[in-house]
Amino acid sequence: MNKELSIPGSSKLIDLIFYGNYFYGICAVALSIEANLQQRIPLNNFFYFFLVFIGAVLVYTYPYVRRSIGESADKRTNWYSRNYNFVFASQLSFTIILCLSFVWVTWKHNEIFYEMTIEQWIILLIFPVVAALYYGNKIILRKYSLRNIGWLKPFVIGFTWAGVVTVYPALAYSLFNKIEYQLSWVTALLFLKNLMFVAVLCIMFDIKDYAADYISRLKTFVVDFGLRKTIFTILFPLSVIGLLSFLYYAISHDFSVMKVILNLVPFILLFSVARSLRRRRSILYYLTVVDGLMLIKAICGIIAISFFD
């Protein structure tokens, strides 16, 4: 076995799933299924969820696909350095699959694109455009990117995630089944809940990057307010906003007690994990525990809507 495929202290499979960003793909699929069910929309086919999976992995891995020399204090950076050829090959494969899929869909369902309204085109394009602005482009946009605006960064990521896992499942189903699509109040509430949930997780990640952001003068919430104020005056209030949006939706739709409790679990864990970040945590803690809250949220939502409707 090649010893370079693992980092001491963690298994090869864990390294691959979390450092390789495959866990983000799993979370994106799970949250998309949750959104389908919560919006009372039948699930999209396997092909759709497969594209969501590889799209999430592709986007999150993009910044790390580069050769580096020497060891780093960051275990994730070391993993990418040691597995550069594998990562490059997988990124290339995923890119080819997405491109071929786009060509196939365009050829097989070309009438869909002719029949789409301006509103549908805006909804379809706004999220990838915002994602592109987040990373920036040295040629077209020179060195401008939204990720350099520290306080805005979490909400840009939250906005993109919420769009992909909340709006896209409904839009895709309506387009491919020739059903009229309109943004509903339910979708808007779920969108806000997911946006706030993911934004809070991103602010938690900024706690991990405090030292580097401080040196580079990136004005994140943690750099501006400090750790304690960020947790109690930023993380908690944003979590409450997401929680209240769910409670309003739950009350207006007469959710059962068990259904409400299951959907509250992720928010309770969110508060608990936020408090745990007062101590220094490893990168793997953030990737498994902090980001793991997305998967827990999706699982709780799926169980609640499937068994306690």
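Is Lys-178 buried or exposed in this structure? I start there, and I should say at once that what we are looking at is a predicted model. Lys-178 is exposed, with a relative accessible area of 56%, and it is found in the loop between helix 8 and helix 9. Its backbone deserves a look as well, since phi of Lys-178 is near 55°, a positive value in a residue other than glycine.

A second residue with a positive phi is Asn-21, which has a value of about 70° although it is not a glycine. Asn-21 is found in the loop between helix 1, residues 12-19, and helix 2, residues 22-38. Whereas Lys-178 is exposed, Asn-21 is buried, and its relative accessible area is 0%.

Let me turn to helix 7, which runs over residues 118-135. With 18 residues at 1.5 Å a residue, helix 7 should span 26 Å, and its end C-alpha atoms are indeed 26 Å apart, so the expected span and the modelled one agree. That agreement stands beside a kink of about 30° at Ile-126, which lies shortly before the proline Pro-128. The buried residues of helix 7 are Gln-120, Ile-123, Phe-127, Val-130, Ala-131 and Tyr-134, and what they pack against is helix 6 (110-115), helix 8 (153-176) and helix 9 (185-208). One of these residues, Phe-127, also belongs to an aromatic cluster, together with Phe-159, Tyr-168 and Phe-191.

Staying with helix 9, I would point out Asn-194, which has its place there and is buried, with a relative accessible area of 5%. If we leave aside its neighbours within four places in sequence, Asn-194 is in contact with Ala-162, Val-165, Thr-166 and Lys-297.

Now to the aromatic rings, where a pair is described by the distance of the centres and the angle of the planes. A search of the whole structure finds 25 aromatic pairs. In one of them, Phe-47 and Trp-104, the ring centres are 5.9 Å apart and the planes stand at 75°, so this pair is edge-to-face. Because Phe-47 lies in helix 3, residues 46-61, and Trp-104 in helix 5, residues 84-108, the pair ties together parts that are 57 residues apart in sequence. Both rings belong to residues that are partly exposed, Phe-47 with a relative accessible area of 32% and Trp-104 with 40%.

Tyr-60 and Trp-161 form another aromatic pair, this one tilted, with 6.1 Å from centre to centre and 55° between the planes. Here too distant parts of the chain are linked, with Tyr-60 in helix 3 and Trp-161 in helix 8, 101 residues apart. Tyr-60 counts as partly exposed at 22% relative accessibility, just as the cut-off for buried, under 20%, would have it, while Trp-161 is buried at 8%.

Two charged side chains also sit over rings. Lys-259 lies over the face of Phe-255, at 4.1 Å from the ring centre, and the charged end of Arg-281 sits over the ring of Tyr-285, 4.7 Å from its centre.

Which leaves the cysteines. How many disulfides does the structure hold? The number is zero. Cys-202 is buried, with a relative accessible area of 13%, and Cys-300 is buried as well, with a relative accessible area of 10%.

Notes: Residues numbered from 1 in each chain as written. Predicted model: local features only at pLDDT ≥ 70, side-chain atom pairs only at ≥ 80, totals over all residues. Heavy atoms only, no water. Helix = DSSP H or I, 4+ residues; strand = E, 2+ residues; numbered from the N terminus. Expected span 1.5 Å × (residues − 1). Bend = angle between axes of the 7 residues up to and from the residue. Buried < 20%, exposed > 50% of the residue type's maximum accessible area, 1.4 Å probe, protein only. Contact = heavy atoms within 4.5 Å. Disulfide = S-S within 2.5 Å. Phe/Tyr/Trp six-rings, centres within 6.5 Å; stacked < 30°, edge-to-face > 60°. Lys NZ or Arg CZ within 6 Å of the ring centre and 35° of its normal.
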